[in-house]
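This briefing looks at how one helix and the aromatic residues around it are placed within the fold. Please read it alongside the sequence and the model shown here.

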Amino acid sequence: MSRTTTTPGAAFEAGARGGHRVVDAESLTEEVLRGMSESDFDRLPFGAIKLDAQGRVVAFNAAEAAQSRRSPQRTLGRRFFEEVAPCTDVAAFRGRLDALAAQGGEVTESFDFRFEFEWGRRDVRIRLMVLRDGARWVFITAVGRG
C-alpha cells in the first residue's frame, strides 16, 4: 500500500483539440478526480466505479459498463460486493478496500484480480483508492485477453 505521490497532470495526454484525456488509472489523484466532469468520467479508457461508505455504487462509467456487460441503470444504487460483483466479496478485494478506508487520508493499492462472470472470466488490474472525504474508488484495467 502506498500513498499517492503522482503529480496531478501525469494521468493525462494531450488530446486532438488541445485538451487532455486520462490514459492511466495508476496516475489518477484526488485532484484529478475532483476536476472531472461527468463526460470526462465516462470517457475514461478503463473501468471506474465509485462506492459510498456502505459499498453502494454511486458512479459507474461507460468503459466498465461495456466490459462487465452491465448498464449503469442496472448498477447504480446497488451493493457492489453483494449484488454487482459478488466474486469481490473476499479478503483479497473487499478486505483490502476496508483496510484502506480504515487508514484514512488519500490511500491507494493496486493488485491483479480475476472477475468470474456467468459469461466468463475477466483478468484485470485493480486500483483501489480511498479519498480524504471517504469516497471509495475502484479502477479496473484489463490485462491480457478479457
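A residue is called buried when its relative accessible area is under 20%, and exposed when that area is over 50%. The model is a predicted one, and the points below start from helix α6, which spans residues 91-103, before turning to the nonpolar cores, the aromatic rings and one loop residue.

**Helix α6**
- Within α6, the residues F93, L97 and L100 are buried, and because the arc that they cover around the axis is only 65 degrees, they lie on the same side of the helix.
- The exposed residues A91 and A102 are carried on the face of α6 that is turned away from its buried side.
- The buried residues of α6 pack against one further helix segment, α5 (80-84), and against the strands β4 (47-51), β6 (107-117), β7 (120-130) and β8 (136-142).
- After α6 comes G104, which has a positive phi, near 75 degrees.

**Nonpolar cores**
- The largest nonpolar core comprises 22 residues, and F80, F93 and I126 are those with the most contacts inside it.
- At least two residues of this core are supplied by each of β4, β5 (57-60), α5, α6, β6, β7 and β8.
- A second core, separate from the largest one, has 15 residues, among them V32, L33, A48 and A135.
- When residues up to four places away in sequence are not counted, F80 touches I49, L51, G55, V57, A85, P86, T88 and F93.

**Aromatic rings**
- Counting rings of Phe, Tyr and Trp as paired if their centres lie within 6.5 Å, the model holds 11 aromatic pairs.
- One of these pairs is formed by W137 and F139, which are stacked, with 5.7 Å centre to centre and 5 degrees between the planes; W137 and F139 are both buried.
- A single aromatic cluster is formed by F80, F81, F93, F111, F113 and F115, and F93 from this cluster is also one of the buried residues of α6.
- Over the ring of F111 sits the charged end of R96, at 4.1 Å from the ring centre.

**A buried loop residue**
- L44 is located in the loop between α2 (38-42) and β4, and its relative accessibility is 3%, which is why L44 counts as buried.
- Although L44 and A63 are 19 residues apart in sequence, their C-alpha atoms are 6.9 Å apart in space.

How values were computed. Residues are numbered from 1 along each chain as its sequence is written. This is a predicted model: local features need pLDDT of at least 70, side-chain atom pairs count only at pLDDT 80 or more; totals for chains, interfaces and linings use all residues. Side-chain values use heavy atoms; hydrogens and water are left out. Buried means under 20% relative accessible area, exposed over 50%, partly exposed in between (1.4 Å probe, protein chains only). Helices (H or I, at least four residues) and strands (E, at least two) are DSSP runs, numbered from the N terminus. The arc is that of the directions from the helix axis to the C-beta atoms. Contact means heavy atoms within 4.5 Å. Rings of Phe, Tyr and Trp (its six-membered ring) pair if their centres lie within 6.5 Å; planes under 30 degrees apart count as stacked, over 60 as edge-to-face and the rest as tilted. A charge sits over a ring if NZ of Lys or CZ of Arg is within 6 Å of the ring centre and within 35 degrees of the ring normal. A nonpolar core is a set of buried Ala, Val, Leu, Ile, Met, Phe, Trp, Tyr and Cys residues joined through side-chain atoms within 4.5 Å.
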